[in-house]
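Visitor: I should like to go through this model step by step. Please display it, and then let us begin.

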Amino acid sequence: MALFGTLVLVGLNVVFFVIFFNKRRRRMGEPPLVNHWLPFIGAALDFGKDPINYLKGLQSRHGDVFSMKIAGWDYHVFMNPLDVKSLEKNKDLDHREIIGDFASRMVGDPHAILKCPEDEKDEKKGFLSSLIRGESNHTKSPSTERRDSFTPGKVPPREKITNIIESNLRGSAQLNALCESCVKCTVKAISRNLQDTVMEQKHVKTGLYKLCQRFVFDLTFNMLFGSNPDEENETQTIFDEFSVFNNNSALLLDRIPIHLLPATKRSRDRILDLLGKLDWSRRYDVSRMVSEMNKCAPNSDPDGRRARHLLVTLWAAQANTVPALFWTLFYLLRNGDARYAVMSELSELLQKKNRRKLRRRSSDYINFKKKIAAETCDKWPEMEDILEMQRKEIDKLVILDSCFKETMRLVGSSMSIRKAKKDTILKTWNGDKYKIRKGDYTTFYAPLTHFDNDIYSDPEEYIYDRFLESGYPGSSISSDCSNSSITCSKVLRAKCRFYKGEKRISPSRAIMTFGYGLTRCPGRHIATIEIKLLILSMLKYFNVVLGSDDIPEQDLTHLGFGIMPPKNEVIVDISLKAPERKGSVF
Ligand code: HEM
């Protein structure tokens, strides 16, 4: 017994010794260090309970920049929205390794999403050859690095995949094509997930979050991966597995090993198997992005790399889009004025369109309409107005855009993290300088901007037209904004000027739900299009009534990863609207 006691004491001493010597110590010029009692966990528990107030408490003691540990990560936390510009401009801060790690935790290794073994070899080779050639080891910004290295044939897998994702989700022509496919997939997703129950029961009571998950999965899977006409239940089968896998995604991102989550692991293995076995020669309407990604991975794929690329893309395209759709729709259903304004704007756009000569419809459009008509019953709406929607028209709906941005402001919780590639110095907006060590992380928590009283009045309130400016045709309001809608002879435009005190903040830094800087989410354009199309379809063709107006709490286990889902499900009653009378909005 005495021996056992001695062993325990020695063990404890070793643990304390290791903790004490590994503890971070502040060096000259570094931000003030917040001390924590809990090793590894650090401030995770306090931060997880009430993030903004906890950070503000620390700010009042330590100032606008301080260092703290959260769940094993040492972060330098920046509190002032005006410092985002310096974080953005510092070329020694990067997020690629972080995204690569996230991808590994989600889908396992090897993959080439910003990290892969060949790539590391390439980097070493590049470094050695540059030494031999006598070039300087100058580090470029992620964007220039990406652009410079896009030389077909020479590009390492990591760069290839990143370039494919970026060019296909950001290029205007590619986005127009994706939008065309998105329109069709929206109409299909809605009919596939609602037709039978709505036609059978007239009034369907269902969970709004669950419905958003189904819509977004159906739409995204078919828009990106195309469809196989011989496999009717394919979307449903993959969705069932994906839901189980996705349920624990927050735990995986929090570094819980997948072996401790057996159900999640089983589902992940099954989806990887399903994705690995997709027969691409039999699929229609596969997006250019996925076709190019497939060409990138070897034909014989013994280590399942191709399936991992596909799964991580599918996951990234869902993870935040589902809660973003849920909250945008929830706030619109809860706010009659906002809903009326959105539907009036749509109605005005459609009337103007109808006055113009009808476009000649492509044979592709006519075939798709025939196919949809064959798959749906007589009384199911044709959703022609949605099917004819073009990207430039969706962009004109500035009231809907304002509602979307206002929702993203209220629920966006991204914690854009960057890692220092080398020792660096960060100068804040007021001239203070802080030393950052190589390997340290910096972070800015988006809600600090979104709920800043100096930038937004009544930041806790949902004000649907907060992101609009109005003036008369020809007036000079926000000349840098291109999209506008004319209502009652007034021009409404997206608001582009934001201020904190005297200082102007750019629109992209005023809303940071999609991250910031050059590494902002590449999927933001298509996500916005998907969400707007689904919302317009639901509000135009269905009566959707909330069971309760209470705003659900947010699920804080997803804190920092983009948008938090609701903690509890919200029940809605859905029924088909009567066919529209001319001129009616609702
Ligand atoms: C409302 C929906 C979405 C939100 C709020 C969102 C948010 C984010 C955020 C915060 C990041 C990290 C950015 C950073 O660190 O600065 C990110 C990265 C990423 N997102 Fe999204 N996202 C959404 C939808 C999508 C969609 C639909 C796709 C794909 C079709 C997508 C693909 C990606 C990818 C590939 C990355 C990694 C970017 C990189 O390699 O640098 N996202 N997203």
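Guide: The model shown here is a predicted one. We may begin with R493, a residue of strand 11 (residues 490–494).

Visitor: Is R493 buried or exposed?

Guide: The relative accessibility of R493 is 16%. Buried means under 20%. Because 16% falls under that cut-off, R493 counts as buried.

Visitor: How far apart in space are R493 and K396, C-alpha to C-alpha?

Guide: In sequence, 97 residues separate R493 and K396. In space, their C-alpha to C-alpha distance is 9.0 Å.

Visitor: Which protein residue is the donor of the iron atom of the ligand?

Guide: The loop between helix 23 (507–510) and helix 24 (524–541) holds C521. Its SG atom lies at 2.3 Å from the iron atom, and donors are counted within 2.8 Å. The only protein donor is therefore C521.

Visitor: Which are the edge strands of the open sheet of three strands with the order 4-15-14?

Guide: Pairing in this open sheet is antiparallel, and its order is 4-15-14. Strands that pair on one side only are its edges: strand 4 (204–207) and strand 14 (542–546).

Visitor: Which residue of strand 15 stands opposite L546?

Guide: Strand 14 and strand 15 (residues 571–576) run antiparallel and are joined by five bridges. In strand 15, the residue opposite L546 is V572.

Visitor: At about what angle to strand 15 does helix 9 run?

Guide: Helix 9 (residues 172–201) lies across strand 4, strand 14 and strand 15. Its angle to strand 15 is about 80°.

Terms used
Residues numbered from 1 in each chain as written. Predicted model: local features only at pLDDT ≥ 70, side-chain atom pairs only at ≥ 80, totals over all residues. Heavy atoms only, no water. Pairing = 2+ DSSP bridges. Helix = DSSP H or I, 4+ residues; strand = E, 2+ residues; numbered from the N terminus. Contact = heavy atoms within 4.5 Å. Axes fitted to C-alpha atoms, helices over the stretch in contact; angles between N-to-C directions. Donors = N, O, S within 2.8 Å, 3.2 Å for Na, K, Ca; no water. Buried < 20%, exposed > 50% of the residue type's maximum accessible area, 1.4 Å probe, protein only.
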